[in-house]
Amino acid sequence: QVQLVESGGGLVQEGGSLRLSCAPSGRTFNDYIMGWFRQAPGKERELVAVVTSSGTYSYYSDSVRGRFIMSRGSAKNTVYLTMNSLKPEDTAVYYCAANPTRNDYSIKAFNSWGRGTQVTVSS
């Protein structure tokens, strides 16, 4: 039923690194736009990074650009988010999402979501 499953979250100290994985369940999303989002308590869900199916276009939010990198693996179309130089403000539940459109990058276009993985960065 859940077709995207995130893993790799945990507790890490400030300045450390962590890699999140997003594995498809039941089907592949090779031809989908893929994105990572995060949501902190009391805050709206926000975009972290997005990449097209072809990999020709990628976007990172200003707060993570230069520190995070999103990649798409070949094995079972797993999607990764490598997070470096982590800050306490990166603490949130991180969600993987899939977008079946060709060129609509708005959050409403992402219609398949994982259930999230917790990332906690201590100071």
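In the predicted model, N99 is buried, with a relative accessible area of 0%. This residue is placed in strand β9, which spans residues 92-99. A polar contact of 2.7 Å joins the side chain of N99 to the side chain of T101. When neighbours within four places in sequence are set aside, the residues in contact with N99 are Y32, I33, D104, Y105, S106, A109 and F110. Two of these contacts, Y105 and F110, recur in the description of the aromatic residues below.

The chain as a whole contains zero helices and eleven strands, and its pattern along the sequence is accordingly an uninterrupted series of β elements. For 123 residues, a compact globule would be expected to have a radius of gyration near 14 Å; the value for the chain is 13 Å, so the two agree. Along the principal axes, the C-alpha atoms occupy a box of roughly 40 × 30 × 25 Å. Buried residues account for 40% of the 123 residues. The accessible surface amounts to about 6,600 Å², and carbon and sulfur atoms contribute 47% of this area. Of the contacts between residues at least 6 apart in sequence, 56% join residues at least 24 apart.

A search of the whole structure identified four aromatic pairs. In one of them, the ring centres of F37 and W113 are 4.9 Å apart and the ring planes stand at 50 degrees, so the pair is classed as tilted. This pair links distant parts of the chain, since F37 belongs to strand β4 (residues 33-39) and W113 to strand β10 (residues 112-113), 76 residues apart. F37 has a relative accessibility of 2% and therefore counts as buried, the limit being under 20%. W113, at 27% relative accessibility, counts as partly exposed. F37 and W113 also belong to one aromatic cluster together with F110, a residue that is in contact with N99.

A further aromatic pair is formed by Y57 and Y105, with 5.4 Å from centre to centre and 45 degrees between the planes, and this pair is likewise tilted. It too connects distant parts of the chain: Y57 is found in the loop between β5 (46-51) and β6 (58-60), whereas Y105 is found in the loop between β9 (92-99) and β10, 48 residues apart. Y57 counts as partly exposed at 37% relative accessibility, and Y105 counts as partly exposed at 33%. Y105 is in addition one of the residues in contact with N99.

Arginine residues were also found over tyrosine rings. R45 lies over the face of Y95, at 3.8 Å from the ring centre. R65 is positioned over the face of Y59, where the distance to the ring centre is 5.5 Å. Y95 lies within the residue range of strand β9 (92-99), and Y59 within that of strand β6 (58-60).

With respect to backbone geometry, S85 has a phi angle near 50 degrees, a positive value in a residue other than glycine. S85 is located in the loop between β8 (79-83) and β9. Its relative accessibility of 41% places S85 among the partly exposed residues, because this class lies between the limits of 20% and 50%.

Terms used: Residues are numbered from 1 along each chain as its sequence is written. This is a predicted model: local features need pLDDT of at least 70, side-chain atom pairs count only at pLDDT 80 or more; totals for chains, interfaces and linings use all residues. Side-chain values use heavy atoms; hydrogens and water are left out. Rings of Phe, Tyr and Trp (its six-membered ring) pair if their centres lie within 6.5 Å; planes under 30 degrees apart count as stacked, over 60 as edge-to-face and the rest as tilted. Helices (H or I, at least four residues) and strands (E, at least two) are DSSP runs, numbered from the N terminus. Buried means under 20% relative accessible area, exposed over 50%, partly exposed in between (1.4 Å probe, protein chains only). A charge sits over a ring if NZ of Lys or CZ of Arg is within 6 Å of the ring centre and within 35 degrees of the ring normal. The radius of gyration is taken over C-alpha atoms; the globule rule is 2.2 Å times the number of residues to the power 0.38. Contact means heavy atoms within 4.5 Å. Accessible areas come from the Shrake-Rupley method with a 1.4 Å probe; for residues, only the protein chains shown count as cover. A polar contact is a pair of N or O atoms within 3.5 Å; within protein, one must be able to donate a hydrogen and the other to accept it, and residues adjacent in sequence count only if both atoms are side-chain atoms.
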